[in-house]
Structures are given as C-alpha cells and as structure tokens.
Amino acid sequence: MDKSIFVTRPSMPPIEEYIKEIEPIWKSAWLTNLGKYHNELEKQLSEYLGVENISLFTNGHMALELVIQAMNLSGEVITTPFTFASTTHAIVRNGLTPVFCDVNPNDYTIDVEKIENLITDKTSAIIPVHVYGNICNVSEIEKIAKKYDLKVIYDAAHAFGENINGQGIGNFGDASMFSFHATKVFNTIEGGAVTFSASSIGTQLYILKNFGIQSDVSVNGVGSNAKMNEFQAAMGICNLRHVTAEILKRKIVVERYRKWLSNVNGIKVMNDVKEIQSNYSYFPVVFDEKVFGFTRNEICDRLSENNIFARKYFYPLTNTFECYHGKFDVSKTPIAQYIAKRVLTLPLYADLSIDDVDRICNIILEGYQV
Ligand SMILES: *Cc1c(COP(=O)(O)O)cnc(C)c1O
C-alpha cells in the first residue's frame, strides 16, 4: 500500500512490440533525417488527428519555436501566463514580446473578452493554450484574428486527439503545436508536431527543422535542428495503436475522481463539455480554502506525506518567473494568479487503479466538514 504514486506515468507499448518495430533499423541503418518511420508516423497522425497538414519535430517546444519563426511574426504576441514555461519562452526566444491576457475562471483558457483591449499596432499574433485539454473559445478567437488581421497559433500540447463536434482540434487557427513528451497522453519519448492550414508553412517548417537547408547548395533560413528520429517515430507508431484504449482507461479514472470530488464545497473540478471529445489528459482541482477549510499547499503536503505526488501545475505563472523579473505586471492577470495559487493537478494515468483513486480522495477529504 505504501508504493509511491506520481502525478503521471508514461504509456508504453509491450517491450516485444517495440523491439519488433525497431529491428529493421539494424538492416537499413537509417536512424534519423525524415526516414521511413518518421514518414509513416506523420501519415498515421494526420489521419488520427483529422488534419490535412502535419510536420513532426524532436519535441513540442522546438515545434512551437519554429512555427512562430515560420510565420514571420513581429512585435507583440497576445498569450496567457497560465501555461508551461515553453509557451512564453518560445515567444521570447523568437525576439517577440509576450502580452499577457488573463484567463477565464471557468476553464482557465484565454478570456476572449479581454483580448481586444490588449491589441496595439504592434500586435502580430495570438498564441492561446488549450490548458489541460480544455478547448479555447476558437470561434471567438477566429473572429478577433480576422478583424485585426492577426495570426493564431494554438499551444495544443494538452489537446492530443480532441475533437469539437467531430472536427480535429488541430484544424483551428493558422497552426497548432502538439507535444508527444513522455508525460503526455500520446508519447514518442520526446516529440512534437505542428498542424497547419497554409501549405507554405509546411515548406518553411521542413527547412527550419533542418538548419534552414533548402538543398545541397542552398541554405536559405536561419534554422535549427529539430528533426524527429526513427526510434522516436517507432515508439509513436506503437503507442498510437494503444492510445484510444489508454484514453478510455483515463476516462474511468477521471470519472472516479469526479464521483468523490464533484459535490464537495470549496473544490472545483472540470466536467465534460458536450461538443468536445476529451482526452482526459489532466485532472486539475481548485481549492477555495475559505470554503473547503484547507489550502492547496496543505493538501499537497498531506498527499506527499503519503507518498502521493500531485503537482502545482501551473504554478508559478510564467509572467512571474525570475528570468522575466521586472518585465511583466502580474496584477494584470488576477484570475490566472488566483487559480495558480489554488490549483493542484492530481495523479492521472491509464494504469492508475480505482483503489488508488479512492485512497487519494480519502486523504484529500480527511477532516473536511460538510
Ligand atoms: C509539454 C508542453 C509543452 C512543451 O512540449 P515538449 O514536448 O515537452 O517540448 C508546451 N506547452 C505546454 C502547455 C506543455 O504542457
């Protein structure tokens, strides 16, 4: 009973399946540079995600950095601070200025009512985040982008395989970035992808992830090196066979959490949204200490005393990072700050047992007075 439980545990195929998959590589000796496995995974993912255009990368962060570069943005980019370091860093590392919009208190995605006020003549794009797999208000964002002629790139790192009314989430905006990091719903060990609408972006991405090399004798972009290798792609091909089953197992865990926690005063959980097919990637819980009686930090400590490691995710906000000290005013994103101080992401992975969920919830609810 006293084994440790971590916030996540990567999905892995049976070892025999992976070994069988990679064996031919010893014959071909083709290890990377857009090989057979890379191309096969690209094809399979475009089907799974229901998108026309996709480009694979060595990780999600480089995918995001390079799609921003491919779009030739300038000046300011509107985004949110309630995200992983990657989103903000990708903007800054492209020489752009992030302008932080607050999130809405319902699903913690960008508050579409607050975007227009932040637009200036320097704004070139909006980079919203589908936080925890909660889908942004894509139709409202599209309207604003059209009105002001802005590009839209979604950080869809959490939204693998999600659909709105049957349409793959990678079809919205000019582009979306997906992460296939070990801890995500679908993994290629490390890995990522960009889905995009304009085929010209695909050409740019293809060149930029390979040093800007256009041909043997021509280098026409200040590129990076961000290619997905064959072992990553082979892992992806194996994991993709199991991902639908893995998501169903996650759903069972999520439903068990909801059964315990949905009706507790002072605890807010996420619920399903009718038009959205969820991937059950995270289970964030927000504690209102005045009603619930305990703070997020108290619950987090109590869980870790029991060898259960939940995560304060996302905390701290990216606009409060030391590396950005003095650059941003956190008081402009008060809802993001409120959530970041109170949210705890509970352990969630396909093989988490119902008994463990029950144990976690009992620890959380210890001492709670109805
Ligand atoms: C994981 C993640 C990324 C970065 O993806 P990597 O594949 O780890 O580089 C970016 N944004 C968000 C919101 C993420 O959760």
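Reader: Hi! Which domains does the lining of the largest pocket draw at least three residues from?
Author: Hello! Domain 1 (15-237) and domain 2 (243-365) each supply at least three residues to that lining. Keep in mind that this is a predicted model.

Reader: Thanks. How much space lies in the largest pocket?
Author: About 430 Å³.

Reader: And which lining residues lie nearest its centre?
Author: Those are Phe84, His181, Thr183, Lys184 and Tyr313, out of 29 residues that line the largest pocket. The elements giving two or more residues to this lining are two helices, H4 (60-70) and H5 (85-93), and two strands, E9 (175-179) and E17 (343-346).

Reader: What's the lining like by class?
Author: It has 14 polar residues, ten nonpolar and five charged.

Reader: Switching to the packing: which residues touch the most other members in the largest nonpolar core?
Author: Ile115, Tyr257, Leu261, Ile267, Leu303, Leu346 and Ile364 do, in a core of 77 residues. Helix H8 (residues 230-261) is the top contributor to this core, giving twelve residues.

Reader: Why does this core lie between the two domains?
Author: Because domain 1 (15-237) and domain 2 (243-365) both give residues to it.

Reader: Nice. Back to Ile115, what is it in contact with, leaving aside neighbours within four places in sequence?
Author: Ile115 is in contact with Cys101 and with five isoleucines: Ile78, Ile110, Ile126, Ile141 and Ile144.

Reader: One last thing: which residues does the second, separate core include?
Author: Among them are Phe57, Val67, Ile153 and Ala226, and that second core has 26 residues.

Definitions and conventions: Residues numbered from 1 in each chain as written. Predicted model: local features only at pLDDT ≥ 70, side-chain atom pairs only at ≥ 80, totals over all residues. Heavy atoms only, no water. 1 Å grid on protein atoms, 1.4 Å probe; cavity = no way out; pocket = protein on both sides within 12 Å on 5 of 7 lines; lining within 4 Å. Points joined across faces, edges and corners; volume = space filled by probe spheres on them. Helix = DSSP H or I, 4+ residues; strand = E, 2+ residues; numbered from the N terminus. Nonpolar A, V, L, I, M, F, W, Y, C, P; charged D, E, K, R; others polar. Domains from an automatic or database assignment. Core = buried A, V, L, I, M, F, W, Y, C linked by side-chain atoms within 4.5 Å. Buried < 20%, exposed > 50% of the residue type's maximum accessible area, 1.4 Å probe, protein only. Contact = heavy atoms within 4.5 Å.
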